Amino acid sequence: MRALLLGAGLGSTLLASGCLETETPPEARSIILGATFSGTGRFAELGTEMFNGYSLATRMLNESGGIAGHRVLLVIRDDESDAATAESFYAEYVASGNFNALLGPYSSPLTEAVIGLTDTLDIPLVAPMAADPGIWAGRSRQWSVQMLNPGPTYLQGSVELAAANGATTAALVYEESQFPVSVAEGVRDAALTHGMDIVLDRSYPAGQSDHEGLATAAKEAGAQLFIGGGYYDDAVAFTRAAGEVDYTPMLLSLSLGPAQSGFADELGDLARCVAGNAAWLPTIRTRGFIVDSETFVRRYELVYGHTPGYYAAGGFGAVELVAEAIDAAIDGGHGVDPVAIRDRLFSMETETVLGPFKVYPLGDPGAGGQQALKGLQVQWQDDGSGGLVRRIVHPEGVADAEVCLGG
């Protein structure tokens with residue numbers, strides 16, 4: 001099996017053993033980053049977006065001279081959405097001794113699988129797409145940092161919106177895996193805060209949800225808020241199921257899916273008024289180590305032919321974080337030293353195209369967990385021309401539309 005090697009020209013490759021096909025040691029001429037992504041399997045839709053962000057950031061970084069004059073190479077493999085496969089690749093990266101830092105795979109389960117390895121073997125890792133707070137909370141991590149807002153915060157804004165508009169009952173459905181479970185915990189906390197009764201609280205095994213059955217149960221329970229889900233495919237399936245069983249809650253809010261630009265393309269009018277979490281949208285103005293968000297969006301659209309979602313912004317931002325930390329280490333006279341890079345990642349308060357970044361510091365029980373990034377509630381609404389457009393409906397300070405209500 002061969003891997004993609006980005007940053008050294010089209011067609012360049014890396015052997016599966018982790019040894020570069022060069023005559024000189026790679027560290028003598030380049031900064032080398034390693035990662036995997038879900039190019040196939042259940043996370044492929046969103047994992048590929050993250051990969052696009054990694055790829056574009058590496059390309060643009062090298063166009064501007066690399067990091068302190070060092071060219072950046074990114075070695076990346078398809079982990080097939082499988083934790084064991086991802087772990088085996090990261091083990092090879094670490095064993096090769098060629099890598100200066102690592103970027104995380106897509107999703108919380110895969111990230112936790114590889115962080116146990118990288119934390120033990122002392123190599124910096126930036127995790128752009130892992131929201132499960134349990135990966136960091138109480139773990140005193142020393143080598144890995146989180147970019148996303150923690151899972152419990154994902155849909156709390158939707159509970160607040162529904163309650164503010166008179167909803168008193170909710171149906172919570174979620175996949176039995178780390179990230180969706182953490183989202184569900186946040187929904188329960190928010191429901192308690194806002195006096196909302198959860199009339200249906202149901203989990204389902206990964207990939208085995210009876211979407212229509214759960215939508216029917218929520219309808220029969222009289223739930224005014226239908227909330228939760230798992231990953232992209234569940235968001236699409238639950239939206240379709242609500243239509244199939246003629247269930248129109250006051251608000252339908254799903255953790256992953258509605259933030260994607262292709263969500264409405266796939267569902268058509270069924271996507272109308274469906275809400276969900278987004279860490280970032282192209283309308284949010286940010287600036288990172290490489291470029292500002294407007295430049296990122298323009299270049300991404302030129303290269304990939306569609307507007308990026310926050311998964312792509314997270315991938316791009318992860319490369320920005322590593323680049324900023326390495327640049328600071330070199331400027332500080334430490335060279336490309338893993339300890340200096342790690343110390344910078346855990347201590348810096350900065351911004352990437354994804355948004356603000358600050359984690360709990362080394363020595364804290366939650367070290368490496370994200371503190372600064374706050375999630376948005378987005379919703380598909382009429383664009384005034386017969387189509388649909390994503391709007392931000394929460395929090396109030398950045399909202400560009402009122403929430404659309406059904407029921």
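Start by selecting Pro395, which sits in the segment after strand S16 (388-394). Strands here are DSSP runs of E with at least two residues, helices are runs of H or I with at least four, and both are numbered from the N terminus. Now show the backbone one step back: the peptide bond from His394 to Pro395 is cis, with omega near 5°.

Before going on, a word on what is on your screen. This is a predicted model, where local features need pLDDT of at least 70 and side-chain atom pairs count only at pLDDT 80 or more, while totals for chains, interfaces and linings use all residues. Residues are numbered from 1 along each chain as its sequence is written, and side-chain values use heavy atoms, with hydrogens and water left out.

**Two backbone oddities**

Select Ser81, in the loop between strand S4 (71-78) and helix H2 (83-96). Its phi is near 60°, a positive value in a residue other than glycine. Is Ser81 buried or exposed? Ser81 is buried, with a relative accessible area of 13%. (Buried means under 20% relative accessible area, exposed over 50%, and partly exposed in between, using a 1.4 Å probe and protein chains only.)

Next, pick Asp246, in the loop between helix H7 (232-244) and strand S11 (251-254). Phi of Asp246 is near 60° too, again positive in a residue that isn't glycine. Asp246, though, is exposed, at 58% relative accessible area.

**Salt bridges**

Side chains of opposite charge can pair when their charged atoms come close. A salt bridge here is a side-chain nitrogen of Lys or Arg within 4 Å of a carboxyl oxygen of Asp or Glu. How many salt bridges does a search of the whole structure find? The search gives 13.

Show Arg299 and Glu63 as sticks: their side chains meet in a salt bridge at 2.6 Å, N to O. Arg299 belongs to helix H9 (residues 293-304) and Glu63 to helix H1, so this pair ties together parts that are 236 residues apart in sequence. Glu63 is exposed, with a relative accessible area of 52%.

Then go to Arg77 and Glu92, a salt bridge whose closest N and O atoms are 3.3 Å apart. With Arg77 in strand S4 and Glu92 in helix H2, the pair ties together parts that are 15 residues apart in sequence. Arg77 is buried at 2% relative accessibility, and Glu92 is partly exposed at 28%.

For another pair, select Arg285 and Glu294, whose side chains meet in a salt bridge at 3.4 Å, N to O. Arg285 is exposed at 52% relative accessibility, whereas Glu294 is partly exposed at 38%. Finally, pick Asp269, Arg272 and Asp382 together, since these are linked in a network of salt bridges.

**A buried glutamate with no partner**

Select Glu49, in helix H1 (residues 44-63). Glu49 is buried yet has no salt bridge. Which side chain of opposite charge is nearest to Glu49? That is Arg390, 8.0 Å away. (Lys and Arg count as positive and Asp and Glu as negative, while His and the chain ends are not counted.)

To see what surrounds Glu49, add Gln260, Tyr300, His306, Pro308, Gly309, Tyr311 and Ala312. Glu49 is in contact with these, leaving aside its neighbours within four places in sequence; contact means heavy atoms within 4.5 Å.

**Empty space**

Cavities and pockets are found on a 1 Å grid over the protein atoms alone: in a cavity a 1.4 Å probe fits but cannot get out, a pocket is an open set with protein on both sides within 12 Å along at least five of seven lines, and lining residues have an atom within 4 Å of a point. Grid points are joined across faces, edges and corners, and a volume is the space filled by probe spheres set on the points.

There are 3 cavities of 30 Å³ or more, and the largest has a volume of about 70 Å³. Select Tyr106, Met129, Leu148, Tyr154 and Leu256, which lie nearest its centre among 13 lining residues.

Last stop: the largest pocket, with a volume of about 400 Å³. Of its 23 lining residues, Asn149, Pro150, Thr153, Leu373 and Lys374 are closest to its centre. Helix H4 (residues 156-164) gives the most to this lining, with 3 residues.
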